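Colleague: I'm new to this one and would like to learn how to read it. Could you walk me through it?

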2 protein chains.
Amino acid sequence: MTLNPTADLSAHVQRGLDDLKALVALQSVSAQGRMLGETAAAVTALLEAEGFTVRAFPGQVAPVLVAEAGEGPFTLLIYNHYDVQPEDPVDLWATPPFELTERDGRLYGRGASDDKGEFISRLAGLRVLKEQRGGRLPLRVKWLIEGEEEVGSPSLEAFIAGHAAELSADGVWWEFGSITPEGRPVLYAGLKGIVCLELRCRVAASDLHSSNGAVVDNPLWRLAAAVASLRGPDGTVLIPGFHDDVRPSSAADQAAIEALPGQGETLRETYEVTRPLGDPGEYHTRLNLKPVVNVNGFHGGYEGEGSKTVLPAEGMVKLDFRLVPDQDPARVVQLLRAHLDAQDFRDIEIIELESHQHPARSDLNHAFVQTAVRVAGAVHGVAPILNPSSGGSGPMYPFMQHVGAPVIALGIGNIGGRVHAPNENILRRDFENGVRFTAAFLAELADGQRSA
Amino acid sequence: MTLNPTADLSAHVQRGLDDLKALVALQSVSAQGRMLGETAAAVTALLEAEGFTVRAFPGQVAPVLVAEAGEGPFTLLIYNHYDVQPEDPVDLWATPPFELTERDGRLYGRGASDDKGEFISRLAGLRVLKEQRGGRLPLRVKWLIEGEEEVGSPSLEAFIAGHAAELSADGVWWEFGSITPEGRPVLYAGLKGIVCLELRCRVAASDLHSSNGAVVDNPLWRLAAAVASLRGPDGTVLIPGFHDDVRPSSAADQAAIEALPGQGETLRETYEVTRPLGDPGEYHTRLNLKPVVNVNGFHGGYEGEGSKTVLPAEGMVKLDFRLVPDQDPARVVQLLRAHLDAQDFRDIEIIELESHQHPARSDLNHAFVQTAVRVAGAVHGVAPILNPSSGGSGPMYPFMQHVGAPVIALGIGNIGGRVHAPNENILRRDFENGVRFTAAFLAELADGQRSA
């Protein structure tokens, strides 16, 4: 460890919070195209002040920024984003959403956690390291900061594929991750893939009286039978071939899963879940490693009070598949089509929606991953929680595919952080530790990774 | 035949249309409780003018009228209703809904067909018969006219059960029935039963992020699997025991079905049906004799554009079962519960909605049914179309159970009659023939039925 863990970082923390206050004030809502150019310019100025060369590339709604600085044997690619979710409903905010406000140890504001606070904690940590090294950044840092993450990163995969050489790195530090209420950092070495689809079935040009159900098929029954066929009662996907490309979990994955705390009690209690799927002992295995299909919506026919004897002309189902390495989204769509055809559901239309993502999972034994875990433990003074994969999804795969480096996610969010909701916040404690972790992590990478 | 089919009935038809105009003007919308007392009084006055003794009994929203007149060896119970559907949307009416208006051979107005026009055509026909018999009605006519039919006849079954002796009859003439564009009368000797249910499933107190689909069950999948299990691809209900009480169809039923014209072409063309159920050759068998389950609605989760990665907390399905003799609605609910339980769907709640009805079907060989068919053929000059049962449902069973007489439905509706919709209408031709049929039918019943 090349950083004194008791060093006084208060000046850097304060400067970071000042930067964060200015950045939160910029209403960079990508879904509404608000202030994205101004925010990209502010991010650029912050990076240039630290010696970064910053280039801006056009995205679909906001520029993609690529910054580079430092020299050394290790090249780290950092991924963040400067756009935020809409602030609605504004009435539910205790303080104005675009004014960073501190109370009771928390900093409130849209983007305070996701992802401006995280970005600034990393920038402040980088400043700490430079100060300790006489103004020099002792490793190569490439920083990719997009402004379209909250609208599904529509430009990102093609951008990374088209700039693979420029983005080459020895390790990728992903956005997001959180700290438990007890102060334990939660790391993720992977994300599930996702395929979002709509199924549609239509049997007639308009609704019929339901007495005709004897002689006209029912689109809601057809969709129900198709949906029922996709998985078993335990959630196992039953589409032939679906599991063929699932990579066996490694011994390291299994060991990490066994070390994870709890068995889902918090989730079940928070949401008053009456039908958990799988045994509690399988909780982390299922969440990290099991591909699943979800029914997000099912709609057709009458919805009001009482009965209506209608035979609906059509119905619609929304599905998402959560995939694990090495399942391929396009292949999953093909397998679903073949499965529906084989069951005589040729009339059910599949519509591919946005947001397909490949799954990605790094080798937990990789020195880069191990370094992140070790430094996080040292900075926070407690054993980190290392998940082989999040149950969620995001554009991690293009980094692994095109940059060819392992990816680790570790951030400064918290379970009460209300990301995407009113009163988004971070703990001041977690911001400070984020600054400290960044300085230590970059120093460790610069000075040579020790093997685990 | 005791009625001269070429007799000039024009005065009676005109008087009937005047009566109908006055009755249509009374806005007896039972769903909104409008003018039901006034309409019951007007109907009472019309009947008393023909010598009926009329008693009014309280219903849930409108009086039930029971009228009696005439003397003779045969007792006929006629069933009609004086309430109508709401006139909305008013903008789509070409002429005011409560002003009976004639154009191009049709009479337009709310209730012109369902059921005021039918009632008045019968009253006018009864006047014809009386005039021919010197002012005497040569059979006993009991007339049950309710004002709650359009809200599901909530009082009817208990009323009939409680007045079975007073309502005893040798035959029951039901409301509804229609005339084809070619002028062929369509008779029904039965109605399917109906059970309307809602299924509900809930897995949590609020929606979750769909990444949790690995560890929390999905209520829409559970409902889909439950719905899928109810029937096969050909529509056959798969609930164990469901078919146990189905009465085998008689030779007369089979002969009637084979004589029915067409194979559903009109329905399929009208609604542009792309998925007919069953072979065309089975069309009438399925519609008349096959019990079915319909999915009327299926709702839960996201319905908007694109994708939303949500795991919905709950979902809801609306079903109706169409039953045939001698299936029992209460027994069907029990069998469904047992079926769901046996498949581990104990958590799916069944909510019974209004409108349960027993199935009912008369013996086609009964002299009363045969008389109706024969007289209809003579009056219309063409072979009638006799359906053992409608595919639809209604409160016919209480009449058969408590009155103990066969029931036949023959009315004056038409395929373009827009019943329950704007521009409801009847053909003047069909009204006139309805008057003629009533006079002939009552005369034939009074003078003694000939066996077929």
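Modeller: Let's go from a whole chain to its domains, then to the interface and two elements.

Colleague: Before that, what kind of model is this?

Modeller: This is a predicted model, so keep that in mind throughout.

Colleague: How is chain A built, in terms of helices and strands?

Modeller: Start with the inventory: chain A has 13 helices and 21 strands. Then look at the overall dimensions. The C-alpha trace of chain A spans about 85 × 50 × 45 Å along its principal axes. Its radius of gyration is 24 Å, close to the 22 Å that the globule rule gives for 452 residues, so chain A is as compact as a globular protein of that length.

Colleague: And what share of chain A is buried?

Modeller: Of its 452 residues, 57% count as buried. You can also ask how far along the sequence the contacts reach. Taking contacts in chain A between residues at least 6 apart, 79% join residues at least 24 apart.

Colleague: Where do the domains of chain A lie?

Modeller: Check the bounds, since a domain can be made of separate stretches of sequence. In chain A, domain 1 is assigned to 10-191 + 359-447, and domain 2 to 193-246 + 291-352. Their centres, taken over C-alpha atoms, are 38 Å apart.

Colleague: How many residues of the two domains are in contact?

Modeller: In chain A, 6 residues of domain 1 are in contact with 7 residues of domain 2. The domain 1 side divides into 3 nonpolar, 2 polar and 1 charged.

Colleague: Now the interface. How many residues of chain B are in contact with chain A?

Modeller: People often give the size of an interface as the accessible area lost when the parts come together. Here we count residues instead: 66 of chain B are in contact with 66 of chain A. Among the elements giving two or more residues to the chain B side are β11, α5 and β15. The largest share, 9 residues, comes from β13(B). By type, the chain B side divides into 29 nonpolar, 22 polar and 15 charged.

Colleague: In which sense do β13 of chain A and β13(B) pair?

Modeller: They pair in the antiparallel sense, over 5 bridges. Look for H299(A) there: its bridge partner in β13(B) is H299(B).

Colleague: How would I read a helix such as α5(B)?

Modeller: An α-helix has 3.6 residues a turn, so residues three or four places apart point the same way. Next, see how much is covered. In α5(B), 9 of the 10 residues are buried, including W221(B), R222(B) and L223(B). The cover includes α6 and β13 of chain A, together with β11, β13, β15 and α9 of chain B.

Colleague: What is V227(B) in contact with?

Modeller: Leaving aside neighbours within four places in sequence, V227(B) is in contact with W221(A), A224(A), V295(B) and V317(B). V227(B) is also among the residues with the most contacts inside the largest nonpolar core, which has 92 residues.

Colleague: Last one: why is β3(B) called largely enclosed?

Modeller: Because 7 of its 7 residues are buried, β3(B) is largely enclosed by the rest of the structure. Read a strand by its two faces: T75(B), L77(B), Y79(B) and H81(B) point one way, and L76(B), I78(B) and N80(B) the other. Then find its partners. β3(B) pairs with β6 of chain B in the parallel sense over 7 bridges, with T75(B) opposite R140(B). With β7 of chain B, β3(B) pairs in the parallel sense over 3 bridges, and L76(B) has G171(B) as its bridge partner.

Methods: Residues are numbered from 1 along each chain as its sequence is written. Chains are lettered from A and ligands numbered from 1 in the order in which they are written. This is a predicted model: local features need pLDDT of at least 70, side-chain atom pairs count only at pLDDT 80 or more; totals for chains, interfaces and linings use all residues. Helices (H or I, at least four residues) and strands (E, at least two) are DSSP runs, numbered from the N terminus. Ala, Val, Leu, Ile, Met, Phe, Trp, Tyr, Cys and Pro count as nonpolar, Asp, Glu, Lys and Arg as charged, and the others, Gly among them, as polar. Two strands pair if DSSP finds at least two bridges between them. Domain bounds come from an automatic or database domain assignment. A nonpolar core is a set of buried Ala, Val, Leu, Ile, Met, Phe, Trp, Tyr and Cys residues joined through C-beta atoms within 7 Å. A residue is buried if 20 or more other C-beta atoms lie within 10 Å of its own, exposed if 12 or fewer, and partly exposed in between; C-beta atoms are placed from the backbone. The radius of gyration is taken over C-alpha atoms; the globule rule is 2.2 Å times the number of residues to the power 0.38.
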